[in-house]
Amino acid sequence: MATGWSSRMTHAKLLAAELLSVTVYPSSPPSFSIPRRSPSSISRAEILGVVVSLESKPKFVKFLLDDGTGCVPCILWLHPLLPPSDNDPTPELLRLQARTVRLGEQLRVRGRITLYRAQLQITVADVFVEKDPNMETFHRLDCLRLAKRSYHLHKDAFPST
């Protein structure tokens, strides 16, 4: 039985600063790894932040999420680019999720890490509105806990206390 954290189908809870500092390895599709962590690639991420920029088009909603450590570009496609599978949201659900994206709203976003014009972004799979303002602090603490215990963070990543 394998031990450790498997990132293949799991959304890694990350802070924006961590996500924006990933190392990109050219491949098809590109693979990503986070500095100071065990050499494990990630493909999916979960972030929480406030919408600080919003652009709505007929085919997509593009927005920036700010968690205080950085701003992550996110894109929610309203029309699937590939034929849908059983796990994919329906177009109706995608439009419903798009309506929850508003300036100033605190959102939890899960999706695939992708590159567009050499810039990192999250291709959104799920959007959740967070009504509890304490969730931002909880998410930050959860990211730190997971980095130390589950994501095999190298010992020198955090200063000793």
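This report walks through the confidence, the nonpolar core and the salt bridges of a predicted model.

## How confident is the model?

Start with the scores. The protein chain has an average pLDDT of 78, and 70% of the residues reach at least 70. Two stretches sit below 50: residues 1–7 and residues 154–161. Looking past near neighbours in sequence, residues 1–7 make 12 contacts in the model, while residues 154–161 make eight.

## The nonpolar core

Now for the inside. The largest nonpolar core is built from 26 residues, and Leu19, Phe63, Cys74, Val109 and Ile122 have the most contacts within it. Helix H1 (16–20), strands E4 (44–56), E5 (60–66), E6 (71–77), E7 and E8, and helix H2 each put in at least two residues. The top contributor is E8, with four residues.

Phe63 is a handy one to click on. Setting aside neighbours within four places in sequence, Phe63 touches Val51, Ser53, Leu54, Val72, Pro73, Cys74, Val101, Leu107, Val109 and Val124. Two of those partners, Cys74 and Val109, are also on the list of residues with the most contacts inside the core.

## Salt bridges across the chain

There are eight salt bridges in the structure. One of them joins Arg110 and Asp126, whose closest N and O atoms are 2.6 Å apart. Arg110 lies in strand E7 and Asp126 in strand E8, so this pair ties together distant parts of the chain, 16 residues apart. Arg110 is partly exposed, at 26% relative accessibility.

Lys131 pairs with Glu105, with 3.9 Å between the closest N and O atoms. This pair also links distant parts of the chain, with the two positions 26 residues apart: Lys131 is in the loop between strand E8 (119–129) and helix H3 (135–149), and Glu105 is in the loop between helix H2 (91–100) and strand E7 (106–116). The two ends sit in opposite surroundings: Lys131 is exposed, because its 68% relative accessibility is over 50%, whereas Glu105 is buried, because its 16% is under 20%.

## A pair and a network

Glu55 and Lys57 form another salt bridge, the closest N and O atoms being 3.7 Å apart. Glu55 is partly exposed, with a relative accessible area of 35%, and Lys57 is partly exposed too, at 40%.

Finally, have a look at Lys13, Asp142 and Arg145: salt bridges link these residues in a network.

Conventions: Residues numbered from 1 in each chain as written. Predicted model: local features only at pLDDT ≥ 70, side-chain atom pairs only at ≥ 80, totals over all residues. Heavy atoms only, no water. Salt bridge = Lys/Arg side-chain N within 4 Å of Asp/Glu carboxyl O. Buried < 20%, exposed > 50% of the residue type's maximum accessible area, 1.4 Å probe, protein only. pLDDT = per-residue confidence, 0-100. Contact = heavy atoms within 4.5 Å. Core = buried A, V, L, I, M, F, W, Y, C linked by side-chain atoms within 4.5 Å.
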